[in-house]
Every structure is written in C-alpha cells, then in structure tokens.
Amino acid sequence: MRNVHTVVEERGNYTFVVHNAYSGDVKEVRVDPDKIALYEDRSSIEELPDACPFLRFDGKTGKAWCTVHLTRPEICRDYCCWRLLILDWQSKRAGRVMYQTTFIPDTEELRRLWEGVQPTLGGLCGTEWDDAVISALTAAGYRVRR
C-alpha cells in the first residue's frame, strides 16, 4: 500500500495529507486517538517497506491495525474485500473482484467486456479462474493487481 498512498504533507498533531496513486485523490487523515501509541511504534513494520504508512501490528495480539481507521481514504474502505483490483490505461480503478468470483465493474466499458468474458469461465475456479480473468482483462488493456 505504500505504493498506493504517499504522505505528501505532515500537518502536525498526527494529521497527514496523503496522495492516492491510483485515483489521484488527496485526503487528510488523522491517527485515531486510541492508536497514537501504536502508530509511534514503527518496529512492527520495519521489515515491511511497502506497507501502508499507517499500518501497525499489535505485538501482544499480532493483530494488524489501521491507525487512521476513522479518517481512512475511500479506497481503504473497500480494500479489505478486494481480491483483484482492475485498473484502466490511466491507472484509475475500473473495477474489482471481491470474495471468490464477485466481479464489480466501475465503468460501463468494463461491464460490457465482462459480459463477453463471463460465459468463457464456466467450470473454472480458484487460480484457473483468476488466471483466465487476468488474461482477458490484460488483453483488453487493463492492469490487474492481486
């Protein structure tokens, strides 16, 4: 996620401005008051250079936390359910695959493409389904991120 969200300004008081590389959105986020101590401890992500700058792990429970959960960007509100993120030629979100095979197009163009691709996937599941979908989408000029 560090490739998605870049901190472009630190405003103090645990407030930051982040830029989203996929959508181009700029958003102000603030570390949740109950997660300030967790945010200050960077030891849990030292080995994860590409992690979101606001992700932290609780050393006692091992649970991952978004330290800006209350003000997180819109893309993060949906992110936990994505398996595949589909980007158009401008690197803008065009759609996503959620759960096992739930395909959600964000554009009319991708919806039309999907109507042609979907019938060819009968009987496929798991990585075979993913590979076939990714192949069809990349052939049509889309990029797919797992």
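The legends below describe close-up views of a predicted model.

**View 1. The open sheet of three strands.**
In this view of the predicted model, three strands are arranged in the order 1-2-3 and form an open sheet with antiparallel pairing. Strand 1 (5-12) and strand 3 (26-30) stand at the edges with a single partner strand each, so one side of each is left without a neighbour in the sheet. From one strand to the next, the twist averages 30°. Strands of a sheet pair through backbone hydrogen bonds, and the pairing is either parallel or antiparallel.

**View 2. Strand 1, strand 2 and the loop between them.**
Six bridges pair strand 1 with strand 2 (residues 15-20) in the antiparallel sense, and Val17 in strand 2 is the bridge partner of Glu9. The loop between strand 1 and strand 2 holds Tyr14, a residue with a positive phi of about 60° although it is not a glycine. The relative accessible area of Tyr14 is 26%, and Tyr14 is therefore partly exposed.

**View 3. Lys35 in the loop after strand 3.**
Lys35 is found in the loop between strand 3 and helix 1 (36-40). Because its relative accessibility is 11%, Lys35 counts as buried, the cut-off for buried being under 20% relative accessible area. When its neighbours within four places in sequence are left aside, Lys35 is in contact with Trp65, Cys66 and Thr67.

**View 4. The open sheet of four strands.**
Here four strands form an open sheet in the order 8-7-6-9, and their pairing is antiparallel. Strand 8 (102-105) and strand 9 (143-145) are the edge strands, each of them pairing on one side only. The twist in this sheet averages 20° from one strand to the next.

**View 5. Strand 6, strand 7 and strand 8 in detail.**
Strand 6 (residues 82-87) pairs with strand 7 (residues 93-98) over five bridges in the antiparallel sense, with Trp82 standing opposite Met98 in strand 7. In the loop between strand 6 and strand 7 lies Ser91, which has a positive phi of about 65° although it is not a glycine; with a relative accessible area of 19%, Ser91 is buried. Strand 7 and strand 8 run antiparallel and are joined by four bridges, and the bridge partner of Val97 in strand 8 is Phe103. Strand 7 and strand 8 also form a hairpin with three residues between them, and Tyr99 in the turn has a positive phi of about 55°.

**View 6. Helix 3 and helix 4 across the strands.**
Helix 3 (residues 108-117) lies across strand 6, strand 7 and strand 8, and runs at about 145° to strand 8. Helix 4 (residues 126-139) lies across strand 6, strand 7, strand 8 and strand 9, and runs at about 10° to strand 6.

**View 7. The contact of helix 3 with helix 4.**
Two packed helices are described by the angle between their axes and the distance between the axes. The axes of helix 3 and helix 4 cross at roughly 130° and come within 11 Å, which makes helix 3 oblique to helix 4. The crossing of helix 3 and helix 4 is right-handed. Leu110, Leu113, Trp114 and Val117 of helix 3 make the contact together with Trp129, Val133, Ala136 and Leu137 of helix 4. Of the residues in the contact of helix 3 with helix 4, eight are nonpolar, with no polar and no charged residues.

How values were computed
Residues numbered from 1 in each chain as written. Predicted model: local features only at pLDDT ≥ 70, side-chain atom pairs only at ≥ 80, totals over all residues. Heavy atoms only, no water. Pairing = 2+ DSSP bridges. Helix = DSSP H or I, 4+ residues; strand = E, 2+ residues; numbered from the N terminus. Axes fitted to C-alpha atoms, helices over the stretch in contact; angles between N-to-C directions. Contact = heavy atoms within 4.5 Å. Parallel < 35°, antiparallel > 145°, perpendicular 65-115°, else oblique. Left-handed = near helix turned anticlockwise from the far one by under 90°. Nonpolar A, V, L, I, M, F, W, Y, C, P; charged D, E, K, R; others polar. Buried < 20%, exposed > 50% of the residue type's maximum accessible area, 1.4 Å probe, protein only.
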